[in-house]
Amino acid sequence: MTDLRLASISTGAISRNVETLRALVAPAQVMAVVKADGYGHGAVASARAALDGGADWLGVADLAEAFALRDAGIVAPLLAWLHQPGAAFSAAVHAGIDLGISNIAQLGEVAAASGTACVHLKVDTGLHRNGAAVGDWQEFFEAAVAHELAGRIQVQGIWSHLANAGHVQDVTQIERFTAAIAMAESVGLRPEFRHLAASEGAIKHPDARFTLVRLGISIYGLAPADDVDASSLGLEPAMTLSAPVISVRRVAAGEGVSYGLDFSRDSDTTVALVPLGYADGIPRHASNRGPVSINGVTGRVAGRVAMDQIVVDMGDAAVAIGDQATLFGRTAESVPSADEWAAAAGTINYEIVTRLGHRVARRYES
Ligand SMILES: *Cc1c(COP(=O)(O)O)cnc(C)c1O
């Protein structure tokens, strides 16, 4: 049986990407970020593939994501960093999950959990999203020292996150992070792991790598920014999104196509129906623009993206029911890229892969 909607995922590509990136950032270690279901690629499969490629750590946003990895039998070092008051910290400690901690109240909650929590203290160096504010650093670190001396926590790491606003801003954040490390050490903390950079910072700034980098989008083979060329770094896109053509028709010149009839051509054209729509994560903003490859010919979405389907304008190309339509995938196979879909929809490649819906079957190959 063929799948109606298929995201084919190469676990080998994820492993090789991690291997390539690990060599690039060495001697820093690599945390493979598999939050949001592995950016749509499947968290457990992505985590295993990343570990096979030499990832030292795994990272997720929240505890539910962390527990899912532990439940699947994954025992690698694992950090989770986005917690509400009253989160299941005791269960996390028992599951051996390291906790990213962003303020003194949260530190107190984790210290009160049963067992000794392994924590990574987060400082805000300029992103202004989470982490202790600069004016609170001293008190934050002193509280951590007190909890550590009492045996309630172990400070494994200190970390922050870059805003990716440009070189000058990055350098400022690197300097602030270095100052935070010095302050933490001056009050008696000895965090083994010091981490600031995600994919963009890790690729662009050797100075931002410290002892560990947290890599998300790049392990899936996609570029973290427009001015980074993933393929010249040796990265391969891991995901190919495709579906069979399920209807083909010739549309006469001047006739409209799809809701609102806001596509038409001056000459007759062949259009193909592909069963992927906005419920599957195909952005409606890519109406009349998104690229689709069928039999090696790239056509464009004709008219509006609907909930379950798109129509693709194929001109005079030969298309038959059952032919495979590929929206994006391995650039080596000259199909469109997630970046082209991002450009067509006015967004970033992260959103294209991460928002794929549950109706899209994930199938794994090596
Ligand atoms: C998502 C995330 C990352 C990974 O970012 P990429 O740009 O995908 O490499 C790293 N650190 C934190 C805190 C994140 O939330």
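## The ligand and its shell

A residue counts as near the ligand if one of its heavy atoms lies within 4 Å of it. The model is predicted. Around the ligand there are 13 residues. Those that come nearest are K35, Y39, S199, I217 and Y350.

By class, the shell holds eight nonpolar residues, three polar ones and two charged ones.

## Polar contacts to the ligand

Two side chains and one backbone position deserve a look. K35 places a polar side-chain atom 2.6 Å from an oxygen atom of the ligand. K35 is also among the residues that come nearest to the ligand. R214 has a polar side-chain atom 2.9 Å from a nitrogen atom of the ligand. At G216 the backbone takes part: an N or O atom there lies 2.8 Å from an oxygen atom of the ligand.

How much of the ligand's accessible area does the protein cover? On its own, the ligand has 390 Å² of accessible area, and the protein covers 92% of that.

## The largest pocket

The ligand takes up the space of the largest pocket. Two elements each give two or more residues to the shell around the ligand: α2 (35-39) and β9 (212-215).

The pocket holds about 490 Å³ of space. Its lining comprises 23 residues. Nearest the pocket centre lie K35, Y39, R129, H161 and A198. Which elements give two or more residues to this lining? They are α2, α9 (199-204) and β9. By class, the lining has 13 nonpolar, five polar and five charged residues.

## Two cavities

Rolling a probe the size of a water molecule over the atoms shows where empty space is left. Across the whole structure, a search finds two cavities of 30 Å³ or more.

The largest cavity has a volume of about 60 Å³. Its lining includes H41, Y220 and L222, and also P237, A238 and M239. F328, G329, T331, S337, A338 and V353 line this cavity as well. Eight of the lining residues are nonpolar, four are polar and none is charged.

The second largest cavity has a volume of about 40 Å³. K122, V123, D124, T125 and L127 are among its lining residues. R129, N130, S160 and H161 also line it. Here the classes divide into two nonpolar, four polar and three charged residues. R129 and H161 appear again in the lining of the largest pocket, among the residues that lie nearest its centre.

## Backbone exceptions

Most residues other than glycine have a negative phi, and most peptide bonds are trans. Two places in this model depart from that pattern.

Is the peptide bond from A26 to P27 cis or trans? The bond is cis, with omega near 10°. P27 lies in a loop, between α1 (11-25) and β2 (29-33).

The other place is S258. Its phi is near 70°, a positive value in a residue other than glycine. S258 also lies in a loop, here between β11 (247-251) and β12 (269-274).

Note on methods
Residues are numbered from 1 along each chain as its sequence is written. This is a predicted model: local features need pLDDT of at least 70, side-chain atom pairs count only at pLDDT 80 or more; totals for chains, interfaces and linings use all residues. Side-chain values use heavy atoms; hydrogens and water are left out. A polar contact is a pair of N or O atoms within 3.5 Å; within protein, one must be able to donate a hydrogen and the other to accept it, and residues adjacent in sequence count only if both atoms are side-chain atoms. Accessible areas come from the Shrake-Rupley method with a 1.4 Å probe; for residues, only the protein chains shown count as cover. On a 1 Å grid over the protein atoms alone, a cavity is a set of points where a 1.4 Å probe fits but cannot get out, and a pocket is an open set with protein on both sides within 12 Å along at least five of seven lines; lining residues have an atom within 4 Å of a point. A molecule sits in a cavity or pocket if more than half of its atoms lie within 2 Å of its grid points. Helices (H or I, at least four residues) and strands (E, at least two) are DSSP runs, numbered from the N terminus. Ala, Val, Leu, Ile, Met, Phe, Trp, Tyr, Cys and Pro count as nonpolar, Asp, Glu, Lys and Arg as charged, and the others, Gly among them, as polar. Grid points are joined across faces, edges and corners, and a volume is the space filled by probe spheres set on the points.
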